[in-house]
Amino acid sequence: VQLQAFGGGLVQAGGSLRVSCAASGSSSSINVMGWYRQAPGKQRELVATITVGGSTNYADSVKGRFTISRDYAKNTVYLQMNSLQPEDTAVYYCHAAEWSYGTREWKNYWGQGTLVTVSS
């Protein structure tokens, strides 16, 4: 599985931005896709995830502002980010996970990351 992230950029506080991530390869086996972010000097943290069944999960800090969605036909996951704040500035990483029934473990894949900068 290969993940290619798109979008990101510079936006003013209160603005909106959408990032997307296209999966290729054996993407039909992916169970969960999502976004993580890493701000300078901080650890990578979960932002949002979406399962193959459509269930979503969000970090408390983005609930009500960010929306994750998935286009199964395009093997693409989107993160719509509204009401952006300077503290949302980070490199956003696309993530995918698939369950291996053979080895009974999760296989994790990461995209290259895309920078989102929110100016005050």
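Strands are taken here as DSSP runs of at least two residues, numbered from the N terminus. With that in hand, the model, which is a predicted one, can be explored through a group of neighbouring strands and one histidine.

A good place to start is strand β4, which spans residues 32-38. Strand β4 runs antiparallel to strand β5, residues 45-51, and six bridges join the two. One of the pairings is easy to find by eye: Val32 has Thr51 of β5 as its bridge partner. Six residues lie between the strands of this hairpin, and Gly41 adopts a positive phi there, near 75 degrees.

Following the chain onward, β5 also pairs with strand β6, residues 56-58, again in the antiparallel sense, through three bridges. Here Thr49 is matched with Asn57 of β6. The hairpin formed by β5 and β6 has four residues between its strands, and Gly54 in the turn shows a positive phi of about 95 degrees.

Attention now turns to His95, which sits in strand β9, residues 90-100. The relative accessible area of His95 is 7%, and because buried means under 20%, this residue counts as buried. Its surroundings can be described in some detail. The side chain of His95 makes a polar contact of 2.8 Å with the side chain of Asn108. Leaving aside residues up to four places away in sequence, His95 touches Leu3, Val32, Met33, Gly34, Tyr36, Asn108, Tyr109 and Trp110. Val32, already met as the bridge partner of Thr51, is thus among the residues that His95 touches.

Technical notes
Residues numbered from 1 in each chain as written. Predicted model: local features only at pLDDT ≥ 70, side-chain atom pairs only at ≥ 80, totals over all residues. Heavy atoms only, no water. Pairing = 2+ DSSP bridges. Buried < 20%, exposed > 50% of the residue type's maximum accessible area, 1.4 Å probe, protein only. Polar contact = N/O pair within 3.5 Å; in protein donor to acceptor, adjacent residues only side chain to side chain. Contact = heavy atoms within 4.5 Å.
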